[in-house]
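Morning, everyone. Let's put the model on the screen and walk through it.

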Amino acid sequence: MSKYNLIVFDWDGTLMDSQARIINSMQTASAELGIEQRTSDQIRNIIGLGLEQAIMVLYPELSASENTKLANCYRHHFFDANALASPLFPGAIELLQELHSKDYSLAVATGKGRRSLTEALEENNLAHFFHSTRCAEETASKPNPLMLQEIMQELDFSAEQTVMIGDSEYDLEMANNAKVASIAVSFGVHGKSRLLQYKPLTCIDSLSKLSQFI
């Protein structure tokens, strides 16, 4: 790992366990609008995409205006009407502290919206660890490589110096598209066999093992 100076993390399913809140918010929003329900597995599968793109995958039959309406209703339930917690995964803080102490440059590339990421960083006192963050609403959604490319350009690192860490095929495919190495984590939304198809450096089942690998 010594050649990798920039470590880019996905957020949901990689550092934070937000599956339950995301699934509940989407199911509640669709029910409120009278839209056919999607299963927990169907919703879990799109975690990592930008919200509008995720809705397009779940509900390709919706018009653009209906997509926007569902997205807004989802945001209301996620931010203002949902008591489900979104805890950090065990070892997340310790891992970030260790990497920070070793002078790695750290970044976040996430399908979350800016408000959601900002609140998560502030609530957990993590913002100072990251040199750059990108959200799907600010750039192209995964697996488009633009998010990673913008981070590398901002922080002046090459693809060869960068590694992406994520729990979904969208993270790993984005890394491949940007010609960036990746590390998969199997405790998030997509299983190990699915992640290994994208040829990550390794696939780990806890953040403590990621610390050992790095």
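Which residues line the second largest pocket? Keep in mind that this is a predicted model. The list runs M16, S18, R21, F78, F79, S86, K112, S116, E119, A120 and E123. Its volume is about 180 Å³. Helix α6 gives the most to this lining, with four residues. Both α4 and α6 supply at least two residues each. By class, the lining splits into four nonpolar, three polar and four charged residues.

Now the largest pocket. This one holds about 420 Å³ of space. Its lining counts 25 residues. Look for L51, Y74, G111, K112 and G113, which lie nearest the centre. K112 is also on the list for the second largest pocket.

Which helices build the lining of the largest pocket? Four of them supply at least two residues each: α1, residues 19-32, then α3, α4, and α6, residues 114-123. The largest share comes from α4, with four residues. As for chemistry, there are eleven nonpolar residues in this lining, with seven polar and seven charged.

Next, two of those helices together. In general, a packed pair is described by the angle between the axes and the distance between them. Here the pair is α3, residues 51-58, and α4, residues 64-80. Their axes come within 10 Å. They cross at roughly 115°, and the crossing is right-handed. Who makes the contact? On the α3 side, L51, E52, I55 and M56. On the α4 side, N67, L70, A71, Y74 and R75. Sorted by class, that contact has six nonpolar residues, one polar and two charged.

Two names should sound familiar. L51 and Y74 take part in this helix contact, and L51 and Y74 are also among the residues nearest the centre of the largest pocket.

Last stop, S30. Find this serine in helix α1. Is S30 buried or exposed? Buried, because its relative accessibility is 0%, and the cut-off for buried is under 20%. What does S30 touch, leaving out residues up to four places away in sequence? I35, Q37, Y59 and L70. L70 came up a moment ago, on the α4 side of the contact with α3.

To recap. The largest pocket has about 420 Å³ of space, and the second largest has about 180 Å³. Helix α4 gives the largest share to the lining of the largest pocket. Helix α6 gives the most to the lining of the second largest. And S30 counts as buried. Over to you.

Terms used
Residues are numbered from 1 along each chain as its sequence is written. This is a predicted model: local features need pLDDT of at least 70, side-chain atom pairs count only at pLDDT 80 or more; totals for chains, interfaces and linings use all residues. Side-chain values use heavy atoms; hydrogens and water are left out. Axes are lines fitted to C-alpha atoms, for helices over the stretch in contact, and angles run from 0 to 180 degrees between N-to-C directions. A crossing is left-handed if the near helix is turned anticlockwise from the far one by less than a right angle, and right-handed if clockwise. Contact means heavy atoms within 4.5 Å. Ala, Val, Leu, Ile, Met, Phe, Trp, Tyr, Cys and Pro count as nonpolar, Asp, Glu, Lys and Arg as charged, and the others, Gly among them, as polar. On a 1 Å grid over the protein atoms alone, a cavity is a set of points where a 1.4 Å probe fits but cannot get out, and a pocket is an open set with protein on both sides within 12 Å along at least five of seven lines; lining residues have an atom within 4 Å of a point. Grid points are joined across faces, edges and corners, and a volume is the space filled by probe spheres set on the points. Buried means under 20% relative accessible area, exposed over 50%, partly exposed in between (1.4 Å probe, protein chains only).
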